[in-house]
Amino acid sequence: MIKQQLDKFHILYKQNISLKDYTTLHIGGKADYIVFPKSVFEVQKCIEIFNKCYMPYTVLGRGSNVLALDEGYKGAIIILTDYFSRVERLNETCVKVESGMTLKQLCQFCLKHNLTGLEFACGIPGSIGGAIYMNAGAYGGEMKDIVESVTYLDEQNNIKILLKDDLMFGYRHSYFTEHQGIILEVIYQLDLGEQPVIHDKMNEFMERRYARQPMDAYSAGSTFKRPNGYYASALIKECGLQGLCIGDAEVSRKHAGFLINKGKATSHDFLQLINKVQERVYEQTGYMLEREVQILSHKEKTL
Ligand SMILES: Cc1cc2nc3c(=O)[nH]c(=O)nc-3n(C[C@H](O)[C@H](O)[C@H](O)COP(=O)(O)OP(=O)(O)OC[C@H]3O[C@@H](n4cnc5c(N)ncnc54)[C@H](O)[C@@H]3O)c2cc1C
């Protein structure tokens with residue numbers, strides 16, 4: 001039934017696909033379906049089809065902040081990537097971007113057009129949709145500083161717009177971490193800058209990342225949120241947990257805040273390591289670390 005309906009509307013999809021290939025942690029079993037809608041109409045059709053068939057679904061960007069489970073995902077995953085990668089300059093300093101574009105692509109666009117404000121995000125390996133959902137940030141900047149509005153599909157499959165004051169941005173938090181919705185398009189308000197300055201700033205941030213983070217390992221970035229007034233990585237380091245392993249999941253020796261997959265880690269290993277780190281940090285320092293990495297499961301996020 002699902003297959004026939006997707007075929008009827010010429011919606012691209014794959015069946016029984018390993019989530020390892022769609023997440024930067026490179027962990028996870030198979031998803032029943034992964035769909036790649038080419039337009040908002042197709043996204044809406046997908047939702048109609050899945051609802052009619054009682055099939056759970058969720059949305060994934062570049063998979064750089066998710067842990068997919070070993071048992072996979074019994075349902076459909078909507079991926080808005082290459083078909084949702086258009087960017088348009090609305091005026092001198094305003095750009096409208098589709099949510100499947102990567103931050104890296106948008107930074108290149110900004111550099112080319114002498115737009116400043118997004119440099120902080122040039123090394124974050126996510127999509128615009130994932131960055132809005134997480135209010136991604138680094139080096140003193142966050143999505144909330146530059147977003148004007150977000151267009152999304154609400155749970156009734158209607159197109160809606162939220163202005164920045166209604167986006168409930170907080171530390172790794174947005175309207176979408178609490179409400180269902182598929183982010184389609186974002187308007188950013190940037191500033192005019194000088195290309196060499198923008199270029200140097202981006203390079204400096206990239207160098208800092210490569211010097212401090214395990215960029216060549218499978219990871220989802222910082223596994224834990226920053227506790228109030230402290231850094232998760234400093235606490236983990238203080239507790240002597242770097243190098244601690246469960247199976248192939250390891251607390252990075254380069255950056256204590258990153259839990260990495262050395263190659264064959266399972267989600268079970270990874271979750272056990274998260275628990276162990278939380279337990280040890282709590283026992284030794286009194287801080288309870290909160291997980292930043294999202295779990296790709298029906299319980300945690302089913303739109
Ligand atoms: C090496 C490395 C470094 C990193 N450094 C940073 C950093 O400096 N700062 C930082 O903030 N993060 C960092 N991250 C984490 C991650 O890149 C960001 O959180 C990023 O914004 C996630 O984007 P994504 O497209 O990969 O989202 P995904 O991981 O695919 O999804 C994350 C969440 O967003 C939801 N989502 C994705 N797209 C949409 C959409 N269109 N509509 C609705 N919901 C959506 C998903 O359902 C999921 O719940 C890093 C990760 C890695 C691997």
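**Notes on the ligand shell and the fold around it**

1. Starting at the ligand: one of its oxygen atoms sits 3.4 Å from a polar backbone atom of Ala-131. Keep in mind that this is a predicted model. Two side chains also offer an N or O atom to a ligand oxygen: for Ser-64 the distance is 2.6 Å, and for Arg-172 the distance is 3.3 Å. So there is one backbone partner to look at, Ala-131, along with two side-chain partners, Ser-64 and Arg-172, because N or O pairs within 3.5 Å count as polar contacts.

2. How much of the ligand does the protein bury? On its own the ligand would expose 970 Å², and the protein buries 95% of that area. There are 34 residues around the ligand, and the ones that come nearest are Val-59, Gly-61, Ser-64, Ser-127 and Gly-137. Ser-64 therefore turns up twice, once in this nearest group and once through the 2.6 Å approach of its side chain to a ligand oxygen, a pair that counts as a polar contact because the limit is 3.5 Å.

3. Which elements supply the shell? Those giving two or more residues to it are β3 (57-60), α4 (128-134), β9 (137-138), β13 (182-189) and β15 (218-222). The largest share, five residues, is from α4. Sorted by class, the shell holds 14 nonpolar, 16 polar and four charged residues.

4. Just past α4, have a look at Asn-135, which is in the loop between α4 and β9. Its phi is near 45°, a positive value in a residue that isn't glycine. Is Asn-135 buried or exposed? The relative accessibility is 0%, so Asn-135 counts as buried.

5. There's a second residue of this kind, in another setting. Asn-16 has a positive phi of about 50° and is not a glycine either. Asn-16 lies in strand β1 (residues 12-18). At a relative accessible area of 47%, Asn-16 is partly exposed, because that class runs from 20% to 50%.

6. β13, one of the shell elements, also carries Leu-184. Leu-184 is at 4% relative accessibility, so it counts as buried. Its C-alpha is separated by 7.7 Å from that of Val-40, although the two residues are 144 apart along the chain. For the opposite picture, take Ile-161 and Ile-124: they are 37 residues apart in sequence, but their C-alpha atoms are 25 Å apart in space.

7. Ile-161 deserves a line of its own. It lies in strand β12 (residues 159-163). At 58% relative accessibility Ile-161 counts as exposed, because the cut-off for that class is over 50%.

8. On to the rings. Searching the whole structure turns up eight aromatic pairs. One of them is Tyr-175 with Phe-176, an edge-to-face pair with 5.2 Å between the centres and 80° between the planes. Both partners are buried: Tyr-175 has a relative accessible area of 15%, and Phe-176 is at 2%. Tyr-152 joins Tyr-175 and Phe-176 in one aromatic cluster.

9. Why does the Tyr-230 and Tyr-287 pair count as tilted? The planes of the two rings meet at 45°, with the centres 5.3 Å apart, so the pair falls in the tilted class, because stacked needs planes under 30 degrees apart and edge-to-face needs over 60. Tyr-230 is in the loop between β15 and α7 (232-238), while Tyr-287 is in the loop between α8 (267-285) and β19 (294-296), so this pair ties together parts 57 residues apart in sequence. Both rings belong to residues that are partly exposed, with relative accessibility of 29% for Tyr-230 and 26% for Tyr-287.

10. Finally, the whole chain. It has eight helices and 19 strands. The C-alpha trace spans about 55 × 50 × 30 Å along its principal axes. A compact globule of 303 residues would have a radius of gyration near 19 Å, and the chain comes out at 19 Å, so the two agree. Of the 303 residues, 53% are buried.

Conventions: Residues are numbered from 1 along each chain as its sequence is written. This is a predicted model: local features need pLDDT of at least 70, side-chain atom pairs count only at pLDDT 80 or more; totals for chains, interfaces and linings use all residues. Side-chain values use heavy atoms; hydrogens and water are left out. A residue is near a molecule or strand if one of its heavy atoms lies within 4 Å of it. A polar contact is a pair of N or O atoms within 3.5 Å; within protein, one must be able to donate a hydrogen and the other to accept it, and residues adjacent in sequence count only if both atoms are side-chain atoms. Accessible areas come from the Shrake-Rupley method with a 1.4 Å probe; for residues, only the protein chains shown count as cover. Helices (H or I, at least four residues) and strands (E, at least two) are DSSP runs, numbered from the N terminus. Ala, Val, Leu, Ile, Met, Phe, Trp, Tyr, Cys and Pro count as nonpolar, Asp, Glu, Lys and Arg as charged, and the others, Gly among them, as polar. Rings of Phe, Tyr and Trp (its six-membered ring) pair if their centres lie within 6.5 Å; planes under 30 degrees apart count as stacked, over 60 as edge-to-face and the rest as tilted. Buried means under 20% relative accessible area, exposed over 50%, partly exposed in between (1.4 Å probe, protein chains only). The radius of gyration is taken over C-alpha atoms; the globule rule is 2.2 Å times the number of residues to the power 0.38.
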